Amino acid sequence: MKSLSDRFLNPDDPDVTGILDDAPLWSVPFGLLLLDRIPMKQNLRVLDIGCGTGFPMLEVAQRLGPGSSIWGIDPWKAALDRLSRKIKIMGIENAKVIHGKAEELPFEDNTFDLIISNNGINNVADPLHVMQECRRTAKPGAELIFTVNLPETMTEFYDVYEKVLLMTGLHAYIPAIHHHIRQKRRPVEDWKAMASEAGFMLKDIRFDTFTYRFASGTALLDYAFIRLAFMPSWLEILDEPMQAMVFQLIENELNRLAAERKEISLNIPFACFLFENRQSPHKRE
Ligand SMILES: C[S@@+](CC[C@H](N)C(=O)[O-])C[C@H]1O[C@@H](n2cnc3c(N)ncnc32)[C@H](O)[C@@H]1O
């Protein structure tokens, strides 16, 4: 147990003030729904798939308390460096960081009571393989709880993207938009089918939506999180030579729509799945 002096966090320490804004705003609505579903029990062994910079992993670590342990796995080294720094500054002793891909979990069979993922499992290259690894490393009765955004995410933006491609005679790229959406935002039925194939039983699904609102298309495309998390995959839909021209036209069209509608609103529908590993302990073949 921490002593009273260990529990003190100095508000004048720049490292301490630096961690106060630790959750990406984008991740918060998903994370709140996920946190609502997590069993607040002691002595759990927990895995977070795609932990990134540590939200909601560090929330879970702290809320479950010192009898529980949580491991976060992610291939993104810079995010894990930041996460490790936060763990040190906050003095969290039950959180561990693993640099790697969830397709190959470096854990024994039947290790975890709970596996979580906040918008992480939908970002891996092979989600079925990850589910099978979750099943292998989950104890019987363990829960798999994860959030993902749904296929209708940001349709307002993709409609403009398609319209610009049609206007410029670049119809040939439209299937690539649909492929991108299909890869990044799988329908609910896909998640149910993959989890079931891996050996999990569905217990519950919750749905919610939030809205990203911007005063103009320029504000949307300049927004740092859009530039970091979305722009690279939006650009990849096109071949390099036409990217600048198409994105200028998208910006113009979004600005026109913002003037007409008084804002740009992007809806983000998402789901939180709760599965249970109801089968007997996994045995290696
Ligand atoms: C949208 S971020 C979510 C991060 C964090 N959970 C949050 O809510 O802010 C998706 C994360 O999945 C990670 N990721 C991508 N491929 C992965 C893989 N094969 N195994 C584990 N994590 C992966 C990314 O590096 C990224 O940190």
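Let me start with Asn118, whose bridge partner in strand 5 is Thr147. That bridge belongs to the pairing of strand 4, residues 112-118, with strand 5, residues 138-149, which run in the parallel sense over 6 bridges; strands here are DSSP runs of E of at least two residues, helices are runs of H or I of at least four, both numbered from the N terminus, and two strands pair if DSSP finds at least two bridges between them. Before going on, I should say that this is a predicted model, in which local features need pLDDT of at least 70 and side-chain atom pairs count only at pLDDT 80 or more, while totals for chains, interfaces and linings use all residues. Residues are numbered from 1 along each chain as its sequence is written.

Stepping back to the whole sheet, it is open, has 7 strands in the order 3-2-1-4-5-7-6, and shows mixed pairing. Strand 3 (95-99) and strand 6 (201-214) stand at the edges with a single partner strand each, so one side of each has no neighbour in the sheet. From one strand to the next the twist averages 15 degrees, where axes are lines fitted to C-alpha atoms, for helices over the stretch in contact, and angles run from 0 to 180 degrees between N-to-C directions.

On the other side of strand 5 comes strand 7, residues 264-276, and these two pair in the antiparallel sense over 7 bridges, with Ala271 in strand 7 as the bridge partner of Val148. Strand 7 also runs antiparallel to strand 6, to which 13 bridges join it, and there Asp204 stands opposite Leu274. Strand 1 and strand 2, by contrast, pair in the parallel sense over 5 bridges, with Asp48 opposite Gly72.

How many residues of strand 2 are buried? The number is 5 of the 6, so strand 2 is largely enclosed by the rest of the structure; buried means that 20 or more other C-beta atoms, placed from the backbone, lie within 10 Å of the residue's own.

Turning to the interior, the largest nonpolar core has 44 residues, of which Val46, Met57, Ile115, Ile116 and Leu144 touch the most other members; such a core is a set of buried Ala, Val, Leu, Ile, Met, Phe, Trp, Tyr and Cys residues joined through C-beta atoms within 7 Å. Strand 5 gives the most to this core, with 6 residues. A second, separate core of 12 residues includes Val164, Leu220, Val246 and Leu254.

Taking Ile116 by itself, and not counting residues up to four places away in sequence, its contacts (C-beta atoms, placed from the backbone, within 7 Å) include Leu34, Asp48 and Phe146. Helix 6, residues 127-137, has buried residues that include Val130, Met131 and Cys134, and the buried residues of this helix pack against strand 1 (45-49), strand 4, strand 5 and helix 9 (188-198).

Last comes the ligand, with 22 residues around it, among which Ser27, Gly50, Gly52, Trp76 and Ala102 come nearest; a residue is near a molecule if its C-beta atom, placed from the backbone, lies within 6 Å of it. Helix 3 (27-37) and strand 2 (69-74) each supply at least two residues of this shell.

Terms used. Two residues are in contact if their C-beta atoms, placed from the backbone, lie within 7 Å.
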